[in-house]
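Me: Could you take one part of this protein chain and go through its surroundings with care? I would like a connected account that starts from a single residue and works outwards.

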Amino acid sequence: MPFASVSRPPSTTSVGRMIREGVRVRVWCDTCDAAFREVDLQLIAETMGTDFDLWGKATHCRLTEGCRGRNRFYHNARGYFCRMRH
Ligand SMILES: [Zn+2]
C-alpha cells in the first residue's frame, strides 16, 4: 500500500465550513520569528463571504513591521496544524 498523498480535509473547503466544524486557522511567517497569529474566521466570513477559501493563499507579513516574508495559513482539521496547501 503506497503512502497516500495528503488530501485536503473536507472541513477546510470554505471559511463557513471551518467555522461550522470548529477548524481553527493560524498564520506563521516564513521569514521572521514572530509568533503565530490566530485567524479570525468570523471576520473573514463577514468581509469575504462564507464561501471564501483560504487554501493555497498567503499574504505579505503582517506580524512584523518591515518584514518582507510571507504569512501562510495553517489549519488544524487533523488535530494539529498543517499547511493549507497541497
Ligand atoms: Zn514576517
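Reply: Val 27 counts as buried because 22 other C-beta atoms lie within 10 Å of its own, where the cut-off for that label is 20 or more. The model is a predicted one, and what follows should be read with that in mind. Val 27 has its place in strand S1, which covers residues 25-29. That strand has two faces: Val 25, Val 27 and Cys 29 make up the covered one, while Arg 26 and Trp 28 belong to the uncovered one.

The surroundings of Val 27 can be followed through its contacts. Once its neighbours within four places in sequence are set aside, Val 27 is in contact with Phe 36, Arg 37 and Val 39, and also with Asn 71, Arg 72 and Phe 73. Two of the strands that pair with S1 help to place these partners. Strand S2, residues 37-38, pairs with S1 in the antiparallel sense over two bridges, and within this pairing Val 27 stands opposite Arg 37, a residue that is also listed among the contacts of Val 27. Strand S4, residues 70-75, likewise runs antiparallel to S1 and is joined to it by five bridges; here Arg 26, from the uncovered face of S1, stands opposite Tyr 74.

A contrasting part of the chain is helix H2, which spans residues 41-48 and is hardly covered, the count of buried residues among its eight residues being zero. Just after H2 comes Gly 49, which takes a positive phi of about 95°. Gly 49 and Val 27 are 22 residues apart along the chain, and their C-alpha atoms are separated by 19 Å.

Set against the whole protein chain, these parts belong to a secondary structure of two helices and five strands, which follow the pattern α-β-β-α-β-β-β when read along the sequence. The C-alpha atoms fill a box of roughly 45 × 35 × 20 Å, taken along the principal axes. Of the 86 residues of the chain, 14% count as buried, and Val 27 is one of the residues with that label. Among contacts with a separation of 6 or more, 61% are accounted for by residues 24 or more positions apart.

Terms used. Residues are numbered from 1 along each chain as its sequence is written. This is a predicted model: local features need pLDDT of at least 70, side-chain atom pairs count only at pLDDT 80 or more; totals for chains, interfaces and linings use all residues. Helices (H or I, at least four residues) and strands (E, at least two) are DSSP runs, numbered from the N terminus. A residue is buried if 20 or more other C-beta atoms lie within 10 Å of its own, exposed if 12 or fewer, and partly exposed in between; C-beta atoms are placed from the backbone. Two residues are in contact if their C-beta atoms, placed from the backbone, lie within 7 Å. Two strands pair if DSSP finds at least two bridges between them.
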